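Student: I would like a close look at how helices pack against each other in this model. Please take the pairs one at a time and end with whatever pocket can be described.

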Amino acid sequence: MSTGQAFELDSLLRDKVRLLGNLLGSTIRNQYGEEMLKRIEDIRKQAKKARSGDHAERDRLLALLKTMPDDALVPVVRGFNQFLNLANIAEQQHGVSWRRGNAADDEVEQMFTQLLDRLQQKGLDGSGLSQQVADVNIELVLTAHPTEITRRTLIQKYDLIAHLLQQRDDLRADHPGLPQLEQRLAAVIEEIWFTDEIRQVRPTAVDEAKWGFAVIENSLWEAVPRLMRSLDSELQQRGAERLPLTAAPVRFSSWMGGDRDGNPNVTSGVTREVLYLARWMAADLFLRDIEVLGMQLSMTEATAEFRRTLGENDAEPYRACMHRLRERLEQTKLWAAAQARGEACEASPLVDEDELLQPLLQCYHSLTEQGLGGVAETGLLDTIRRVACFGLTLVRLDVRQESTRHTDVMAEICEFYGMGDYRAWPEEKKQQFLLTELQSRRPLIPNRWQPSAEVQEVLDTMQVLATKAGDGVSCYIISMASEPSDVLTVVLLLQACGVRDHMPVVPLFETLSDLEQSAPRMEKLWSVDWYREYSRGHQQVMIGYSDSSKDAGQLAAVWAQYRAQEALSRVAAEKGIRLRLFHGRGGSVGRGGGPAHRAILSQPPGSVAGGLRVTEQGEMIRFKFGLPDVAIRNLRVYISAVLEANLLPPEAPRPQWRETMEELAAAGVKSYRAMVRDTPEFVRYFRAATPEQELGKLALGSRPARRRSGGGIETLRAIPWIFAWTQMRLMLPAWLGSDEALDGPVGQGRLTQLQDMYNNWPFFRTYIDMLEMVLSKADPAIAQYYESRLVEAELQPLGSQLRMRLDLIRELVLQVKDQQTLLQNNLALQQSMSVRDPYTDPLHYLQAELLFRERQDQEVISEDVERALKVTMAGIAAGMRNTG
């Protein structure tokens, strides 16, 4: 991006941010008066001055904040919080606006086009090119990890603001409709201001599933057919064939209502309800399509074959077809709603996807054969594309449960039969027993048996999967899987409960040791003839990013993930297994997050040959897929990256690079664990310096923050672990361990080798770039202020040590990248953070102050302080753009 383009982007975006800020200011003035607005503006201006690093200016800012009366706390923090949310909306909408300064040469927009050019230069074109796009096999799995801090009510209003900003982009500065549009913007911002931004009640798992459905309804339903049209257009411009009518390069699944690992709120009843609600939502969305098509398809000309399928001689055959589908969809809604409530329903629902798809295809072919292709190519084609992508289940649901819960079932069954302690059996004995039972004709589950409530719940879930609702389940994931018997146990229990044959069972390898042992364990499983037949030569394996990073530190974790993918891909090829890797990435860098294109291209060569399955978590779903234009942009990124990884793969890493990474990873995990596990005062420091204990006040999601009550860091989920460090800006999970690891080679005079790895190895380059991005968001001065207010004196030397290590890793990253400053080549992120800093900084300082007050006076804490504290957490999350 040239300086001129950067300036243009800056001015257009800043105009939108300024407009929304002024409208917000007017709303605050109307409620609280000019004095409150002046207070907020004075704090913002002083925060901007304090950013210069002048201690006197920072002291003036702190004085303004410390002298603020309690009754001003909530309006001030809400003002900063809502500005940050509005700035995010402006930035997101502007990123896909045709008016942005760099729209013509946008790298993301050109990514797919340039890839097709390169593929054609390699000799891939025509039908081969189209088929590669159609078969790219990407599945995005929407998960409800508690990182989406914004209420659904407000998300809908934020989406409306984005829509209005887009309309504003389309109007000239002197357009007569502009004042009215800005009045509508003002009204929506007023609605937002008078809506409580903090959830008062924790959402249920069903609420989370409905939020996922809303993303599809409000964005992806429109985005998918538009995406397909754009792909068709670019392929046809090159003389390639259009994509098949039923092609679905990208599909969607969900964990919302299916992920019960450590979440007792997700029961068999919840899963059943969510599966039927998804069918209701799909029927409702298709019904809207069919009603529009019924109005459009008034033509009378049709082929004889199409008329025969109708079985009657209608004057308007296409409308007759739509009428029949409308009736069946209405029946489907009635049936699905009754089933979700657990009630019987006499109806004739659509349960087989072909019942919907085939009539639509028949309409399409009849229209095109009658010379009405232009009609067929509009709304009808869009609906066919939606059926191919979403089907009658809208999203396929993953069911996930922790491995010991299945072991408990087998242990109780074996105990009932007097067969001994199943848990104590060696692995080989477990496997032999399970394989014998899988081929036995007698029932596994006793008739006169009263299992524990926990065991009954596992079996109840599997029995739900055996009903018609189970057709909406994509796979059964076993978290903390460690042995082949973990997989065989689930297969046996599914079979015993009557679940359809060959439901995919997916082991999830999460910890460092499990990742290291994943390939040998899968090799043992793939050597079992019975299992090879069961799996039909296909296997999905999930790689966990969050827990491995929390277990070993980010550096050791990313290398273990890379090596596990290499080894699994190699063993699968040797065993004749078609492997599909499922990446459990989070939104933040500490949980495997980062730009999708770079992340995919940094995977081992050949590791996405079987397609790509990846989680999209929490707030990242809204940022990446919440608006149709943004969704299309991000879906094109995924398609481009997987195509490039498979058809133009990077070279394998050089042996000396691998040796260096082994050295770095070993040093990194040793350094990380020495601090997190072996430093006695570390847990005390973490709980004092961060708002970890207070995060429970936010009703973020249905899932508890801890796997079990009590305990130390090991019981804390990865999400609140990272959320807490982000709130006080030390960002420790993303870099701890990397500092001492990288310092070793640099201190030995091997900097040029690291620079060579950075310049020529996509894996290492992506790791260092992600490290740079998160380090740019770290702020040692803010972290030190939290410490000064919240941490007892005897623990403060530990904080000084951590900040010194933060300074070291920053310097090391600059040396590896041969830069003078962080983000030297990422002007867009620099600008983004500079807009937010004057708003996030006061929230940080206020949060530290409010935490101090709450911890000092827990018995007499005021309602204003309590609410203001919650809002600071939401505001900082909005400012950082990645909560966990």
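Tutor: What follows goes through three helix pairs and then one pocket. The model is a predicted one.

Start with helix H15, residues 403-416, and helix H18, residues 484-496. Their axes come within 10 Å and cross at roughly 60°. Angles of 65 to 115 degrees would count as roughly perpendicular and those under 35 as roughly parallel, and H15 and H18 are therefore oblique to each other. The crossing of H15 past H18 is left-handed. On the H15 side the contact is made by Ser-403, His-406, Thr-407, Val-409 and Met-410. H18 supplies Asp-486, Thr-489, Val-490, Leu-492 and Leu-493. Sorted by class, the contact of H15 with H18 has five nonpolar, four polar and one charged residues.

The next pair is helix H10, residues 268-296, with helix H12, residues 317-340. Here the axes come within 8 Å and the crossing angle is roughly 160°. Because angles over 145 degrees count as roughly antiparallel, H10 is roughly antiparallel to H12. H10 also passes H12 in a left-handed crossing. Their contact has 16 nonpolar, three polar and nine charged residues.

The last pair is helix H35, residues 827-856, and helix H36, residues 863-880. These two pack at an angle of about 150°, and their axes are 9 Å apart. That angle makes H35 roughly antiparallel to H36. Again the crossing is left-handed, with H35 passing H36. From H35 the contact includes Met-833, Arg-836, Thr-840, Leu-843 and His-844, and also Gln-847, Leu-850, Leu-851, Arg-853 and Glu-854. From H36 the residues in contact include Val-865, Glu-866, Ala-868, Leu-869, Thr-872 and Met-873, and towards the end of the list Gly-875, Ile-876, Ala-878, Gly-879 and Met-880. The contact of H35 with H36 divides into eleven nonpolar, six polar and four charged residues.

Now the pocket. The second largest pocket has a volume of about 1,000 Å³. It is lined by 42 residues, and those closest to its centre are Glu-139, Arg-396, Ser-474, Pro-504 and Arg-580. Helix H14, residues 373-390, gives the most to the lining of this pocket, with four residues. By class, the lining has 19 nonpolar, eleven polar and twelve charged residues.

Definitions and conventions: Residues are numbered from 1 along each chain as its sequence is written. This is a predicted model: local features need pLDDT of at least 70, side-chain atom pairs count only at pLDDT 80 or more; totals for chains, interfaces and linings use all residues. Side-chain values use heavy atoms; hydrogens and water are left out. Axes are lines fitted to C-alpha atoms, for helices over the stretch in contact, and angles run from 0 to 180 degrees between N-to-C directions. A crossing is left-handed if the near helix is turned anticlockwise from the far one by less than a right angle, and right-handed if clockwise. Contact means heavy atoms within 4.5 Å. Ala, Val, Leu, Ile, Met, Phe, Trp, Tyr, Cys and Pro count as nonpolar, Asp, Glu, Lys and Arg as charged, and the others, Gly among them, as polar. On a 1 Å grid over the protein atoms alone, a cavity is a set of points where a 1.4 Å probe fits but cannot get out, and a pocket is an open set with protein on both sides within 12 Å along at least five of seven lines; lining residues have an atom within 4 Å of a point. Grid points are joined across faces, edges and corners, and a volume is the space filled by probe spheres set on the points.
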